[in-house]
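Please follow the chains with the structure open beside the text, taking the strands and then the helices in turn.

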There are 2 protein chains.
Amino acid sequence: MFVREMSEEECIALVSAGRLARLACSKDDQPYVVPIWYAYAGKFLYAFSMPGRKIEWMRANPRVCVQIDEISDRQHWRSVIVIGRYQELPDSAQWHHECLHAWSLLKKYPYWWEPGGLKPLPQPVVGASPHLFYSIHIDEMTGRTAVAEGGI
Amino acid sequence: MFVREMSEEECIALVSAGRLARLACSKDDQPYVVPIWYAYAGKFLYAFSMPGRKIEWMRANPRVCVQIDEISDRQHWRSVIVIGRYQELPDSAQWHHECLHAWSLLKKYPYWWEPGGLKPLPQPVVGASPHLFYSIHIDEMTGRTAVAEGGI
């Protein structure tokens, strides 16, 4: 087994197919990483969240890293790392279109609900819940994959 | 479905049973997150790595965050977050015992090999490869889990 860099197309294919990612943010050089559900479109990842530590930290420092993978075992795995920037999408006039776009993408999936809340919560409705939408602009995307002996 | 905090015992059980984690480090407030294989003992996670970006960054800033989970679907998941500190374990007189301890823990598992190298590599041998061992001292460990309606 060895490891090779993934092509841009391979990275996009993995990110497109995936729903679950790990999002890392940082405050005063203390990193923090949590699982998120996301949707991918163009140069963006879309997600939403309850207010909390990661949202506060990303508001203060929008530089993030998102990691998406398919890991079966030591011999079979692919992992993509996105370096990007957080952008909150409040349901205001300026962001209304982006907010609806994020919602339209995320609601397609049964697993859009993020493992983030702490209280019993109903399904959120746009504009009627404490949840907020955000996007991650993809500045850089790289990936690595395991290659079996004799493979490519 | 709602979400509750996990007890310390539940967190330890998840971390003990797990092998795969996501490790986030940070440099100049740019976070970076990668998958790692680890072993857990006492107040430490143990792992090893090829030299590379994350090792350089953790040498410069030992503050890290490690996320370990079991995620089946929206209704069934548990996630633990460790805030900790990186300590490299060079095979020197000072760290020889810790280094052997890390190795003795990691070699038990068939998946100790980290998804990190970039070249065809033989299995590393302690003291005879570019791989290095490190520990993460667990300063803080918290967890959340989904709870089905009517569950606890």
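**Strands and helices in a predicted model**

In this predicted model, strand E2 of chain A is mostly covered, since six of its eight residues are buried. E2(A) pairs with E3(A) in the antiparallel sense, and eight bridges hold this pairing in the count. To place the two strands against each other, look for Lys27(A), which stands opposite Gln30(A) in E3(A). Two residues lie between E2(A) and E3(A), which form a hairpin, and in its turn Asp28(A) has a positive phi of about 50 degrees. E2(A) also has a partner in E6(A), with which it pairs in the antiparallel sense over three bridges, and here Arg22(A) is the residue that stands opposite Gln67(A) in E6(A).

A further strand to trace in chain A is E8, which covers residues 132–147. Strand E1, made of residues 2–5, pairs with E8(A) in the antiparallel sense over four bridges, and Glu5(A) stands opposite Arg144(A) in E8(A). E5(A) runs antiparallel to E8(A) as well, joined to it by six bridges, with Ser49(A) opposite Leu132(A). The pairing of E7(A) with E8(A), again antiparallel, extends over twelve bridges, and within it Gly84(A) stands opposite Ile138(A).

With these strands in view, turn to helix H2 of chain A, residues 53–60, in which Lys54(A), Trp57(A) and Met58(A) are buried. Why do the buried residues of H2(A) line one face of the helix? Seen down the axis of H2(A), they fall within an arc of 95 degrees, and therefore they share one face. The strands against which the buried residues of H2(A) pack are E2, E3, E5, E6 and E7 of chain A, so that the reader meets again the hairpin strands E2(A) and E3(A).

Chain B offers a second helix to examine, namely H3, residues 96–106, where Cys99(B), Ala102(B), Trp103(B) and Leu106(B) are buried. Viewed down the axis of H3(B), these buried residues fall within an arc of 95 degrees, so they line one face of the helix. Which exposed residues does the face of H3(B) turned away from its buried side carry? That face carries His97(B) and Ser104(B). On the buried side, what covers the residues of H3(B) includes four strands of chain B, E4 (39–41), E5 (44–49), E7 (76–89) and E8 (132–147).

Note on methods
Residues are numbered from 1 along each chain as its sequence is written. Chains are lettered from A and ligands numbered from 1 in the order in which they are written. This is a predicted model: local features need pLDDT of at least 70, side-chain atom pairs count only at pLDDT 80 or more; totals for chains, interfaces and linings use all residues. A residue is buried if 20 or more other C-beta atoms lie within 10 Å of its own, exposed if 12 or fewer, and partly exposed in between; C-beta atoms are placed from the backbone. The arc is that of the directions from the helix axis to the C-beta atoms. Two residues are in contact if their C-beta atoms, placed from the backbone, lie within 7 Å. Two strands pair if DSSP finds at least two bridges between them.
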